[in-house]
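User: Could you take a close look at one part of this model, the small sheet, and then follow the aromatic rings outward from there? I would like one connected account.

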Amino acid sequence: MSAIHLLRKLSRRPPSRLHRNLLSSTFSMDLPPDLARTTLIRPFSNRPTIFNNTHRLIPSCFRQLNLLPNWVSEKKKSISVSLREFSTSVVETNTSDKAFERVVGLNPNPLVIERIHNGEETIGESVSGGEIIGNKIEKSDETLVREESEAEKEAWRILEDAVVRYCGSPVGTVAANDPGDKLPLNYDQVFIRDFVPSALAFLLKGEGEIVRNFLLHTLQLQSWEKTVDCYSPGQGLMPASFKVRTVTLDENTTEEVLDPDFGESAIGRVAPVDSGLWWIILLRAYGKLTGDFSLQERIDVQTGVKLIMNLCLADGFDMFPTLLVTDGSCMIDRRMGIHGHPLEIQSLFYSALRCSREMLSVNDSSNNLVRAINNRLSALSFHIREYYWVDIRKINEIYRYKTEEYSTDATNKFNIYPEQIPPWLMDWIPEQGGYLLGNLQPAHMDFRFFTLGNFWSVVSSLSTPKQNEAILNLIEAKWDDIIGNMPLKICYPALEYDDWRIITGSDPKNTPWSYHNSGSWPTLLWQFTLACMKMGRPELAEKALALAEKRLMADRWPEYYDTRSGKFIGKQSRLYQTWTVAGFLTSKLLLANPEMASKLFWEEDYELLDICVCGLSKSGRKKCSRVAAKTQILVR
């Protein structure tokens, strides 16, 4: 059977491991002897570890990143069927056909302006009239393609100009590329969290090389020695960013090297907790959108995922399943009173756990880790859904709380004082909406609405289906507060007066309604779009995107906007901010490709509701709070 016939036969369903082996042998049966003898996967233990913090260099371009010679690429081009729909992960995908039908059902006709007649192949962002395989159309007589707006064309030019190359290969995008900025600080570096929307834009366009290179090079950086004042953080920490530098070896020789920042150069010297979580999420997205699952199956990649998970799951003094972090350890990387258990970290942590469970190969060396991941997923989802959720009913319950309860079945488990409920919240919360708290600790609830944490809880199904609906209802009801003149507020409301002085330390950059203190960040559009598409409400994302498109190009793609309604460009905002550009493009591409969007979110995992580590203990001392609260978990 030819490779083409075999691929066409299998293209209607995910392949089994037998099929994958057969495909592998089909492509490799005529490999030249020199390639057949080549080791394509270098063991993790052989990665260079350089202990000189002044020049922590990659000594040469990693040749293993270019795994296949040019003749293989040419051979692949001769096969018209893409492998992108194949899944080789150990655990079956949670993206169901029902989810895709819900997304497509509300927007069945893509926006079509230009007609293209082609008998061979047509590539476009939104297509109809042919068989869709990845971003390619096979043998369609008449294909429809969405025409790009002027803003999109300029955005693509800016994004391409922001690409950073290492030894001739693309490895990421700089944070900002403003030609008028004479003091870029660290905006000329490649940030892991900032690159995610850029990566998705490239993947949705069918360009996966830059993302693959980024994932592998940052994985190499993970193994390096990291010290701050003679102290090293835990093994597995991913860098916040890296920069390509040229180093002189002798009079006639120079070499490009990667110089990472693990937080030792950052403002406040805070470790980037979210970097490793975003890296795992992007690794899964790469496989889902390209069909190249061989990357996540590599030994070094599997080991990298295990190191991140072991670091996150390490035992400590904390009594809660949430991840304990310091202030400034995520997108909000300055002092903003989010130390403890911020929602943004918890939602990314939950997503990374689910990604790892999908991608990790189950064997003797990973059994304990997979078991720990399952237990943590179950405990974390219950904790967030039960204790972080607030709506008008929950606020009224907190308003009537009794305090100082000493009991295993206390109602007010965290000893929250009713006086903590802020006056603004009483009138602000809508009847049909709700959201997840920004933070929860003993005797402390942060009632601010944090946008990224809530949106990613929807995307990852950390919150329940009913809670997801309520979060979008809140956005719709409070459109002027969260969206305003420019989407989207990073949090609401702003810290003002004494709260600003005490909590931020009088930070001149985080003044009220600016930057992290309730500034408006256009890059959040892509998370909002993904959440809306998952819940079958793409019209909300389209409305916000249209609002942003009116201004972004004219305003030169700012990093953020100031004032209560997002009317003015931020006072210290960088222009031509890459993730502003990428967030806009990714939102456009997601709306135009609902099938691809459906690969990026998770559906409810009902098995997690039945997993409880308490059931494994024979001790009568342990009493699980789920028994009393199980009826309150909102599951549709």
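Analyst: What follows starts with the sheet and then moves to the aromatic rings and a buried serine.

The model is predicted, and the values below are computed from it. The part you ask about is an open sheet of three strands, arranged in the order S8-S9-S10 with antiparallel pairing. Strand S8 (190-191) and strand S10 (253-261) each have a single partner strand and stand at the edges, so one side of each is left without a neighbour in the sheet. As a general point, the strands of a sheet pair through backbone hydrogen bonds, in either a parallel or an antiparallel way.

Between strand S9 (residues 241-250) and S10, which run antiparallel, there are nine bridges, and these two strands form a hairpin with two residues between them. Two of the pairings can be named: Ser 241 has Asp 261 in S10 as its bridge partner, while Thr 248 is matched with Thr 254 in S10.

Strand S9 also leads to the aromatic rings, for which the count comes to 21 aromatic pairs. One of these is formed by Phe 214 and Phe 242, a tilted pair with 6.4 Å centre to centre and 35° between the planes. The pair links distant parts of the chain, since Phe 214 belongs to helix H8 (residues 209-222) and Phe 242 to strand S9, 28 residues apart. Both Phe 214 and Phe 242 are buried.

Elsewhere, the aromatic residues Trp 424, Trp 428, Tyr 435, Phe 449, Tyr 492 and Trp 513 form one cluster. Two further tryptophan rings have a lysine over the face: Lys 205 lies over Trp 156, at 4.0 Å from the ring centre, and Lys 543 lies over Trp 479, at 4.5 Å from the ring centre.

A last residue to inspect is Ser 381, whose place is in helix H13 (residues 367-388). With a relative accessible area of 4%, Ser 381 is buried, because the limit for that term is under 20%. If residues up to four places away in sequence are not counted, Ser 381 touches Tyr 350 and Leu 462.

To return to your starting point, the sheet can be read through strand S9, which is joined to S10 by nine bridges and which holds Phe 242, the residue paired with Phe 214 of helix H8.

Terms used:
Residues are numbered from 1 along each chain as its sequence is written. This is a predicted model: local features need pLDDT of at least 70, side-chain atom pairs count only at pLDDT 80 or more; totals for chains, interfaces and linings use all residues. Side-chain values use heavy atoms; hydrogens and water are left out. Two strands pair if DSSP finds at least two bridges between them. Helices (H or I, at least four residues) and strands (E, at least two) are DSSP runs, numbered from the N terminus. Buried means under 20% relative accessible area, exposed over 50%, partly exposed in between (1.4 Å probe, protein chains only). Contact means heavy atoms within 4.5 Å. Rings of Phe, Tyr and Trp (its six-membered ring) pair if their centres lie within 6.5 Å; planes under 30 degrees apart count as stacked, over 60 as edge-to-face and the rest as tilted. A charge sits over a ring if NZ of Lys or CZ of Arg is within 6 Å of the ring centre and within 35 degrees of the ring normal.
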